[in-house]
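Subject: Structure handover

Hi,

Here is the structure I said I would pass on. Have a look at it first, and then read my notes below.

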Amino acid sequence: MTKAAHYVRRLVPCCGRYATATPAQILEMWNDYLSMAEKLGYDLREETVAMPKDLQERHDAAAAIIRVNSTAAEMKKYKYRRRKLEKKYAFSMGGYCVLIPTCSAEIVQEGKTLHHCVGGYAARHIEGQTTILFLRKQKTPGRSFLTIELRESKGRVEIQQIHGYRNEGYKHAVSPRKKFAWFLDAWLDWVNRGSERDKDGAPVLPVKKQTEEVKTA
């Protein structure tokens with residue numbers, strides 16, 4: 001059995017949504033997804049991108065991105081959402097910063113650069129169904145480093161997932177959540193306390209965190 005045939009066959013029993021779908025229908029959806037993914041510049045050399053476990057979701061996400069990219073009204077709407085995200089989440093400390101994507105294409109490019117599948121979340125971010133942020137080094141804010149997806153649980157913001165190059169799928173990789181706990185914990189604490197800023201727009205941190213920032217820098 002070829003790899004493609006095995007992939008299509010594997011999807012049939014995986015989820016209730018495919019219960020009534022035939023292999024031919026799944027193959028048609030996959031071909032449609034691959035066509036859209038190529039148009040959007042996804043890295044189809046990556047198996048998790050070319051053969052996603054959640055094909056239906058990735059298919060719908062790709063279609064939504066294309067729709068968003070072609071609809072000026074959607075981008076106008078995102079400008080308002082982006083301003084709110086900037087106010088709530090933009091943050092810097094100890095040589096690192098949290099940045100808000102400017103458009104869906106930027107999220108797609110993040111996935112291409114880091115070789116993971118965040119591009120599939122771009123439309124959901126634009127439309128407010130999820131929140132994708134970039135963790136960058138302050139000296140090189142234009143260079144992809146780590147990608148964050150947030151969730152809200154019981155009124156508090158938490159990290160759903162955070163990944164870097166190839167989702168840390170390489171030898172001796174260290175979990176970003178563990179490696180950057182000192183930064184991420186301080187940032188989340190600040191966000192969950194109300195994202196307070198001073199008159200110049202800089203985050204207001206507890207005295208202890210301010211001291212730690214100076215030492216880190």
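How far does helix H9 (residues 181-192) reach from its first C-alpha to its last? The answer is 16 Å for its twelve residues, close to the 16 Å expected at 1.5 Å a residue. Keep in mind throughout that this is a predicted model.

H9 has plenty of buried residues: Phe 183, Leu 184, Ala 186, Trp 187, Leu 188, Trp 190 and Val 191. Three names from that helix come up again in the largest nonpolar core, which has 55 residues. Phe 183, Leu 184 and Trp 187 are among the members that touch the most others there, along with Tyr 42, Tyr 89, Leu 135 and Ile 148. If you zoom in on Phe 183 and skip residues up to four places away in sequence, you'll find it touching Phe 91, Ser 92, Met 93, Tyr 96, Cys 97, Val 98 and Leu 135. After H9 comes Gly 194, with a positive phi near 115 degrees.

Leu 135 leads on to the strands. Val 98 has Leu 135 as its bridge partner in E3, and strand E2 (residues 96-99) pairs with E3 in the antiparallel sense over four bridges. E3 also pairs with strand E4 (residues 146-153), again antiparallel, over five bridges. In that pairing, Leu 133 is matched with Ile 148 of E4. Six of the seven residues of E3 (residues 131-137) are buried, so the strand is largely enclosed by the rest of the structure.

Next, helix H2 (residues 23-40). Its 18 residues should span 26 Å at 1.5 Å a residue, and the end C-alpha atoms sit 25 Å apart, which agrees. The buried residues here are Ile 26, Met 29, Trp 30, Tyr 33, Met 36, Ala 37 and Leu 40. Looking down the axis of H2, you see them fall within an arc of 130 degrees, so they line one face of the helix. The cover over those buried residues includes helix H1 (3-11), helix H3 (47-50), helix H4 (55-69) and helix H6 (104-114). On the face turned away from the buried side are the exposed residues Ala 24, Glu 28, Glu 38 and Lys 39. Gly 41 follows H2, and its phi is positive too, near 85 degrees.

One for your side-chain checks is Glu 110, in helix H6. Is it buried or exposed? It is buried, because its relative accessible area is 1%, where the cut-off is under 20%. Its side chain makes a polar contact of 2.8 Å with the side chain of Arg 136. Beyond residues up to four places away in sequence, Glu 110 touches His 116, Val 118, Phe 134, Arg 136, Ser 144, Leu 146 and Thr 147.

Last, Tyr 165, which sits in the loop between strand E5 (156-163) and helix H8 (176-179). This residue is partly exposed, with a relative accessible area of 37%. The side chains of Tyr 165 and Arg 166 are joined by a polar contact of 3.1 Å. Leaving aside neighbours within four places in sequence, Tyr 165 is in contact with Thr 113, Leu 114, His 115 and Tyr 170. Lys 112 is 53 residues from Tyr 165 in sequence, yet the two are 9.8 Å apart in space, C-alpha to C-alpha.

Cheers

Conventions. Residues are numbered from 1 along each chain as its sequence is written. This is a predicted model: local features need pLDDT of at least 70, side-chain atom pairs count only at pLDDT 80 or more; totals for chains, interfaces and linings use all residues. Side-chain values use heavy atoms; hydrogens and water are left out. Helices (H or I, at least four residues) and strands (E, at least two) are DSSP runs, numbered from the N terminus. Buried means under 20% relative accessible area, exposed over 50%, partly exposed in between (1.4 Å probe, protein chains only). Contact means heavy atoms within 4.5 Å. A polar contact is a pair of N or O atoms within 3.5 Å; within protein, one must be able to donate a hydrogen and the other to accept it, and residues adjacent in sequence count only if both atoms are side-chain atoms. The expected span of a helix is 1.5 Å times one less than its number of residues. The arc is that of the directions from the helix axis to the C-beta atoms. A nonpolar core is a set of buried Ala, Val, Leu, Ile, Met, Phe, Trp, Tyr and Cys residues joined through side-chain atoms within 4.5 Å. Two strands pair if DSSP finds at least two bridges between them.
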